[in-house]
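Please open the model in your viewer and keep the selection panel at hand, since this tour moves from one selection to the next.

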Amino acid sequence: MAGQGTPATALLAKRQIAYRTHPYRVSPDAPNYGALVAEALGVAPERVFKSLVTEVDGALTVAVVPVTGELDFKALAAAVGGKRAAMADRSVAERATGYVRGGISPLGQRRRLPTVLDESALDLPTIYVSAGRRGLQLELAAADLVALTDARTAPLQTR
């Protein structure tokens, strides 16, 4: 993979935040993509988080949830004081973040979007999120992700 730099890694370096990058090979069209990423990295799947661009009452919002579960849209809406949440259109998500599906990072987005992180992340020493490119994950402390994105934390997974 030529170069490891992405807007997400550039932001982390600029802010002098400790992180590690982890390359992997998984087809972005594979079923159960997140679990396959965790397997490729050799880490517990509950440590790997997906960044989902959603619309809450018409406003784009990023939900960061473990790949082991599904996003609870009602919980997301409640976390940001909204009434209704749904997935954003793929092209809208890609345009707003500057990233492609399968590589959307909660960090270094073209347009900084409100972010909500599933509270389970706070119980882990580090979490993995997309580095902003398919095939590359970032490992960092959840507290650093919260600080860099001004994220709220809330229970976001369906049980």
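The tour visits a pocket and then a sheet.

Bear in mind throughout that this is a predicted model. Begin by selecting Lys50, Ser51, Leu52, Arg101 and Gly102, which are the lining residues that lie nearest the centre of the largest pocket. The pocket around which you are now looking has a volume of about 570 Å³, and its lining is made up of 25 residues.

Next, colour helix 2 (33-41), strand 2 (49-56) and helix 4 (90-97), each of which supplies at least two residues of that lining. Among the contributors, strand 2 gives the largest share of the lining, with 5 residues. If you then colour the lining of the largest pocket by residue class, you should find 14 nonpolar, 7 polar and 4 charged residues.

Now leave the pocket and turn to an open sheet of 3 strands, in which the order is 1-7-6 and the pairing is antiparallel. Select strand 1 (20-23) and strand 6 (127-133) to see the edges of this sheet, where each of these two strands pairs on one side only. Looking across the sheet, you will find that neighbouring strands are turned by 35° against each other on average, when direction is ignored.

For the last stop, display strand 6 together with strand 7 (residues 136-140), an antiparallel pair joined by 5 bridges. Within this pair, show the residues Arg133 and Leu136, because this is a place to see the pairing directly: Arg133 stands opposite Leu136, which belongs to strand 7.

Technical notes: Residues are numbered from 1 along each chain as its sequence is written. This is a predicted model: local features need pLDDT of at least 70, side-chain atom pairs count only at pLDDT 80 or more; totals for chains, interfaces and linings use all residues. Side-chain values use heavy atoms; hydrogens and water are left out. On a 1 Å grid over the protein atoms alone, a cavity is a set of points where a 1.4 Å probe fits but cannot get out, and a pocket is an open set with protein on both sides within 12 Å along at least five of seven lines; lining residues have an atom within 4 Å of a point. Grid points are joined across faces, edges and corners, and a volume is the space filled by probe spheres set on the points. Helices (H or I, at least four residues) and strands (E, at least two) are DSSP runs, numbered from the N terminus. Ala, Val, Leu, Ile, Met, Phe, Trp, Tyr, Cys and Pro count as nonpolar, Asp, Glu, Lys and Arg as charged, and the others, Gly among them, as polar. Axes are lines fitted to C-alpha atoms, for helices over the stretch in contact, and angles run from 0 to 180 degrees between N-to-C directions.
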